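Please open the model in a viewer and keep the sequence panel at hand. The tour below proceeds from one selection to the next.

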Amino acid sequence: MEQKTAIVAGASGLIGRSLTQNLLNSNQYAKVIALVRKPLGISHEKYAELNIDFDQLESMGDFPKADDIFCCLGTTIKKAGSKEAFYKVDFTYPYNLAERALKSGAERYFLVSAMGSDKNSSYFYNRVKGELEDKLSFLAYRTIYIFKPSLLRGNRSESRPGEKFAQLITRIIPFVGPWKKYRPIHADKVVDAMMKVAQQHDKGCYYYQSEIMQKM
């Protein structure tokens with residue numbers, strides 16, 4: 001099997017940390033490059049970091065060539081401070097990354113989105129996620145994979161009190177019948193699904209709902 005190069009954006013986050021480690025442990029990848037704003041403290045012979053300013057991504061001269069791009073970028077409106085700042089992190093950065101990587105020869109783009117994403121949604125968060133998915137689908141990648149998890153479980157390095165409260169509440173809710181698809185999913189399950197999908201040889205744009213990832 002030909003070994004590939006992967007780029008990870010958002011490697012410091014809940015999914016990004018686990019994904020980066022799995023990519024490093026995979027025989028499928030010979031090199032893993034994390035786009036970072038500060039060092040992550042990872043030491044591995046296959047690992048490299050590229051300090052990057054996402055606001056300058058489009059004008060960046062030497063962007064590394066990679067086969068697969070994994071985008072785990074995301075924030076909350078509360079943390080971002082405004083809807084405008086949230087839009088920049090959850091739409092502008094992922095889309096600009098996709099465009100820039102495509103110009104450098106990337107063939108596949110993996111995006112972590114969210115359940116409920118819909119470009120026509122009345123909810124700003126879901127609408128932004130949906131708009132990104134829609135616009136990405138028109139880029140000339142060989143393959144685009146979009147993962148849409150429900151509420152994530154796992155230990156974040158950052159504090160999100162609202163999310164922790166929701167996790168506690170959902171532990172006592174019986175997710176059965178039509179509600180089963182809303183069952184919270186552990187970040188490692190999302191990563192497992194991404195790693196399994198990465199072994200496929202598809203062409204086109206594919207969506208993986210949270211319930212499907214639970215089973216994978």
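**A guided tour of the chain**

Begin by selecting Ser 121, which sits in the loop that connects strand 5 to helix 4. The model is a predicted one, and the stops that follow should be read with that in mind. Is Ser 121 buried or exposed? With a relative accessible area of 12%, Ser 121 is buried, because the limit for a buried residue is under 20%. Display its surroundings next: leaving aside residues up to four places away in sequence, Ser 121 touches Asn 126 and Arg 127.

From this loop, continue into helix 4 (124-136). Helix 4 lies across strand 5, strand 6 (143-148) and strand 9. Relative to strand 5, helix 4 runs at about 170 degrees.

**The sheet**

Now show the strands. In what order do the seven strands of the open sheet follow one another? The order is 3-2-1-4-5-6-9, and the pairing is parallel. At the edges are strand 3 (47-51) and strand 9 (204-209), each of which pairs on one side only. On average, neighbouring strands in this sheet are turned by 15 degrees against each other, direction ignored.

Zoom in on the edge formed by strand 3. Strand 2 and strand 3 are joined in the parallel sense over five bridges. To see one such pairing, select Leu 35, whose bridge partner in strand 3 is Leu 50.

**Helix 3**

Select residues 83-103, which form helix 3. The 21 residues of this helix should span 30 Å at 1.5 Å a residue, and the end C-alpha atoms are 29 Å apart, so the two values agree. Where does helix 3 bend? The bend, of about 30 degrees, is at Thr 92, and a proline, Pro 94, follows within four residues.

Colour the buried residues of helix 3 next; among them are Phe 86, Asp 90, Phe 91, Tyr 93, Pro 94 and Tyr 95. Further along the helix, the buried residues include Asn 96, Leu 97, Arg 100 and Ala 101. An α-helix has 3.6 residues a turn, so residues three or four places apart point the same way. To see what covers the buried residues of helix 3, show strand 1 (4-9), strand 2 (29-36) and strand 4 (68-71), which are among the covering elements. The cover also includes helix 2 (77-80), strand 5 (108-112) and helix 4. After helix 3 comes Gly 105, with a positive phi near 105 degrees.

**Two cysteines**

Select Cys 71 and Cys 72. How many disulfides are counted? The count is zero. Cys 71 is in no disulfide, and the nearest cysteine sulfur, that of Cys 72, is 6.7 Å away. This separation is too far for a bond, because a disulfide requires cysteine sulfur atoms within 2.5 Å. Cys 71 has 0% relative accessibility and therefore counts as buried. Cys 72, at 14% relative accessibility, also counts as buried.

**A distant pair, and the whole chain**

Move to Gln 199, in the loop between helix 6 (187-197) and strand 9. Gln 199 counts as exposed because its relative accessibility is 52%, against a limit of over 50%. Select Gln 28 as well: these two residues are 171 residues apart along the chain, yet their C-alpha atoms are separated by 8.0 Å.

Finally, return to the full view. The chain has seven helices and nine strands. Buried residues account for 48% of its 216 residues. Of the contacts between residues at least 6 apart in sequence, 70% join residues at least 24 apart.

Definitions and conventions: Residues numbered from 1 in each chain as written. Predicted model: local features only at pLDDT ≥ 70, side-chain atom pairs only at ≥ 80, totals over all residues. Heavy atoms only, no water. Helix = DSSP H or I, 4+ residues; strand = E, 2+ residues; numbered from the N terminus. Expected span 1.5 Å × (residues − 1). Bend = angle between axes of the 7 residues up to and from the residue. Buried < 20%, exposed > 50% of the residue type's maximum accessible area, 1.4 Å probe, protein only. Contact = heavy atoms within 4.5 Å. Pairing = 2+ DSSP bridges. Axes fitted to C-alpha atoms, helices over the stretch in contact; angles between N-to-C directions.
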